[in-house]
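Student: I've got a chain open on my screen and I'd like to talk it through with you. Mind if I just fire off questions?
Tutor: Go ahead, and we'll work through them one at a time.

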Amino acid sequence: MKTDVFALRHIGIRDEDLNTMFNTVGVENLEQLIFETIPEHIRLKEPLKLDPPMSEHKFLAHTEALSKKNKVFRTYIGLGYHESLIPSVIKRNILENPGWYTAYTPYQAEIAQGRLEALLNFQTIVSDLTGMKLANASLLDESTAAAEAMTMLFDVRSREQKKNNIVKFFVSEEILPQTLSLLKTRSTPLGIELVIGNHEEFDFSVDFYGTLLQYPGKYGQVYDYAGFVAKAKENEIKVAVAADIMSLVLLTPPGDFGVDVVVGTTQRFGIPLGYGGPHAAFFATKEEFKRNIPGRIIGVTKDTDGKPALRMALQTREQHIKRDKATSNICTAQVLLAVMAGMYGVYHGPKGLKYIASKIHATAVTLVDTLENLGLYQVNSAYFDTITVKADAKKVRPIAEANEVNFYYVDNDTISIAINEATSLNDLNQIISIFAEALGKSTTEVTSLLNATSIPSNIQRRSSFMENKVFNSYHSETELMRYIKKLERKDLALNHSMISLGSCTMKLNAASEMLPLSSSNWGNIHPFVPVDQAVGYQTILRELAKDLSVITGFADTSLQPNSGAQGEYAGLMVIRAYHESRGESQRNICLIPSSAHGTNPASAVMAGMKVVVTKTDEKGNIDVADLEEKAKLHSDNLAALMVTYPSTHGVFESSIKQITKLIHDHGGQVYMDGANMNAQVGLTNPATIGADVCHLNLHKTFAIPHGGGGPGVGPICVAPQLVPFLPSNPVITTGGEDAITAISAAPWGSSLVCLISYGYIKMLGEYGLTQSTKIAILNANYIKHKLEGKFDVLYTGEKGRAAHEMILDCRPFKKNGIEVTDIAKRLMDYGFHAPTVSFPVAGTVMIEPTESENLAELDRFCEAMTSIRAEIDESNANEPNNVLKNAPHTLEMATTDDWQFPYSRQKATFPLPYIAENKFWPSVRRVDDAYGDRNLICTCAPIEAYMETE
């Protein structure tokens, strides 16, 4: 074995396994299988032109060398991003721990109670600090959260406002520039009219449905918004506030003065800057909007035994099932980052947060005092951490940069300085010395911080927060380490067993891909530093974009979208801009097959398009005749077709080129959803099939871990005609010559985790990437054949092959009283996470094994499914007290003296011999979703609840 070949470590199947698998599948070799799976006319004729693969050792040395090309200055730019101190216990036990970063979205609550508790902690911190009743389990970044607030408030306008077509939304000029850019992107297609101005001069006209304020303002000024909010309420205008979460430790929470929504980022709660992300945004609102809140909410419910359990509440995990009626296409979150931010709150507790916030504020106050003693004027009358100084920027900047310090230069005579958690006395004195040198003056060294405040008493926080037991119990490293481990043990992640989720591609997230993320040379770069300070990042991002363009066959790539849903939206907005540039703005019809992922129609509506659904035939393929009929009908107004390839049903449709040509012939563009790209890389690509733009899920095909439900990255790759419209950023120039406004807050989105996909491509190279695709297809077909006769595969290609995934039909088992959910829950007893349930067809499971799994694991899974099939045959619709209906079985059930089930404990908990070697115990029995929705609780229990039970 070549120990320096990464592909042999990433791909689970060994050479000696292949003949066994070929015999099972019924082929002579891999090439025959690929020939029978992928239509010949779309196969690539040449290998991908990529760099030769690196060994893991060489890659780590390479990224270390590149990291040193980044200049890690002391940075006080602010604008929503601040250096934060990551507690080592959180860094080591969560960020660097595959038990946390390889877990999947908690759709199966019984084996995700640890993550769910961590997210409940996060929601409680957000609710407490903002003063709002309800918070979700995170969004993508502050700017997109603000855009979600704007659109949610638009959706909940009063009947009278909708009748009178009230579409104006006021945005304070104090808003962060990247947020304003994103608001422009989101508002235009929906017909929302943005009005930007001074909130102190706002006239509260009835023409407005909502407003957005920044708290504190973008350059640090803290305003008392109570009067503004009161007047807005009088005029039925709803108010959203974008707030700095650390400032809310000391400032009056927006909920206390009656706002409707509070958004922001938790980046400064122990999350690296990472050149822009990933970071967990927050979204908090009133309980009356619980059915409208975007993203996911974690709620408290009970299990079969009536014991407390957690799960995703109110169907928010699939808000996009509303399809073209959805107001948001969000189907993911930043779970790993939200878990880290929540643990930061757990570790420090309310007293620790007060200490940190007070120190930040005292440092800012001391800086102002010293600078004013030098004769400088500080503009802000009230501030938390960010001050605005009148000084000659042309004199200050070269001195600052020579001392490796970054400030934000508002204009030639205005400089903004944002103090952060990491700012020490030495840093403070360095800042002072820079200004003293620019003024030609000397200054005395500061040896202690002033005990003073700039925050007026009327906007100082009076209310308590985070009084729950969990925030007042784990303040030593030993305590927190054990708490993290306790939660981790409740969750099934990829480090325990295969997670064969169709469409979600849960593959190996290699340690060598992950290690660079822990480096401060990658973690401590602010997204708005001059690009010459981020040469290492620029090299990696440029190379990654180039490689993704090669893999897809397209001309260029934007890495800005920081989720798959954002990638969808970005692709459609680029298509929209292209049509407008040609004077064809009437093109607003988007054709979407009925089998498409629910985010597709939601994204199309958000992009201002009208969705027309096309039929699929009995084999699950696009009905070409119906598509042609609708393309002709809407020829003058056709904007795009959204297509997933291979199809959502796991089939390479041979008519794909005919389909894309049809759309082009009628003036439309083809958007390809990249969810199933793991079946394409190195064998075919979106350009070859005739697409014009695709988004890629880097958290699927390109190995970024799912992190329990995020982070994700969804870059878009585009054909030459769409390159000019790739998205921009208002602070750092990105995008094409005619760029659309921002899609996410940071110029290159979640740059830090792009290192993972960069490593994945560079270490696999052309051969490894192509072989990965082939083995993914082989593994899927192996499972298909192993389960033949036991489960019906719903759709196959023309030669009877599956792509990289397949759909098993579980609907016939209803005659035995067994639903697909029962199979999903029973798999937990066998140590497996369920495949994708009831998507894209209700009553089915969609299985995708990926290339990373070895033959033994595939066999274990097939053995489990075969055993469950036998259990189904034993079941009777008239006798629901059976092993499937009672699944999953917990340790508490197995060890009770009172066993009242008509089957043995062994059958319940150890149905096959392999399970004894590595048993996973679900921590709760089957959860009751309906009860939790009727009795919605989305924060931790108050301290009094613990007192009552102890």
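Student: Let's start with a single side chain: is arginine 92 buried or exposed?
Tutor: Keep in mind that this is a predicted model, so we're reading computed values. The cut-off for calling a residue exposed is over 50% relative accessible area. Arginine 92 comes out at 58%, so the label is exposed.

Student: Which side chain does arginine 92 meet in a salt bridge?
Tutor: In general, side chains of opposite charge can pair when their charged atoms come close. Here the N to O distance is 2.9 Å. The partner counts as partly exposed, at 30% relative accessibility. That partner is glutamate 96.

Student: What parts does the pair of lysine 762 and aspartate 547 tie together, and how many residues apart are they in sequence?
Tutor: These two form a salt bridge, with the closest N and O atoms 2.9 Å apart. Lysine 762 sits in helix α24 (residues 751-786) and aspartate 547 in helix α18 (residues 535-552), so the pair ties together parts whose separation in sequence is 215 residues.

Student: Is lysine 762 buried or exposed?
Tutor: Buried means under 20% relative accessible area. Aspartate 547, its salt-bridge partner, has 2% and is buried. Lysine 762 has 3% relative accessibility, so it counts as buried.

Student: Which residues do salt bridges that share partners join into one network with Lys762?
Tutor: Start from the bridge between lysine 762 and aspartate 547. Those two residues are in helices α24 and α18. Following the shared partners, the network consists of Asp51, Glu543, Lys546, Asp547 and Lys762.

Student: How far apart are the closest N and O atoms of arginine 74 and glutamate 83?
Tutor: Arginine 74 is partly exposed, at 23% relative accessible area, while glutamate 83 is buried, at 13%. The two form a salt bridge, and their closest N and O atoms are separated by 3.3 Å.

Student: And for the protein as a whole, what is the count of salt bridges?
Tutor: The chain carries 89 positive and 108 negative charges, and the mean positions of the two sets are 2 Å apart. Pairing them by the salt-bridge rule gives a count of 44.

Student: Where does glutamate 851 lie, and is it buried or exposed?
Tutor: Glutamate 851 is in the loop between β26 (844-847) and α26 (855-874). Leaving aside neighbours within four places in sequence, its contacts include His10, Lys507, Asn678 and Tyr760. With 0% relative accessibility, glutamate 851 counts as buried.

Student: Which residues does histidine 634 touch, not counting those up to four places away in sequence?
Tutor: Histidine 634 is in the loop between α21 (624-633) and β19 (638-644). At 18% relative accessibility it falls under the 20% cut-off, so it counts as buried. The residues it touches are Ile589 and Val612.

Student: What separates the C-alpha atoms of serine 172 and lysine 661?
Tutor: Serine 172 is in strand β3 (residues 168-172), and it is buried, at 1% relative accessible area. Lysine 661 is 489 residues away along the chain, and the separation of the C-alpha atoms is 46 Å.

Student: Which residue does a cis peptide bond join to alanine 887?
Tutor: Most peptide bonds are trans. For this one, omega is about 0°. The partner lies in the loop between α26 and α27 (891-895), and its name is proline 888.

Student: What is phi of threonine 505?
Tutor: Most residues other than glycine have a negative phi. Threonine 505 is in the loop between α15 (477-488) and α16 (511-514), and it is buried, at 1% relative accessible area. Although threonine 505 is not a glycine, its phi is positive, about 50°.

Student: Last one: what radius of gyration does the protein chain have, and does that agree or disagree with a compact globule?
Tutor: For 950 residues, a compact globule would have a value near 30 Å. Of those residues, 65% count as buried, and the C-alpha trace spans about 85 × 70 × 65 Å along its principal axes. The chain's radius of gyration agrees with the globule value, at 28 Å.

How values were computed: Residues numbered from 1 in each chain as written. Predicted model: local features only at pLDDT ≥ 70, side-chain atom pairs only at ≥ 80, totals over all residues. Heavy atoms only, no water. Rg over C-alpha atoms; globule rule 2.2 N^0.38 Å. Buried < 20%, exposed > 50% of the residue type's maximum accessible area, 1.4 Å probe, protein only. Lys, Arg positive; Asp, Glu negative; His and termini not counted. Charge placed at Lys NZ, Arg CZ, Asp CG, Glu CD. Helix = DSSP H or I, 4+ residues; strand = E, 2+ residues; numbered from the N terminus. Contact = heavy atoms within 4.5 Å. Salt bridge = Lys/Arg side-chain N within 4 Å of Asp/Glu carboxyl O.
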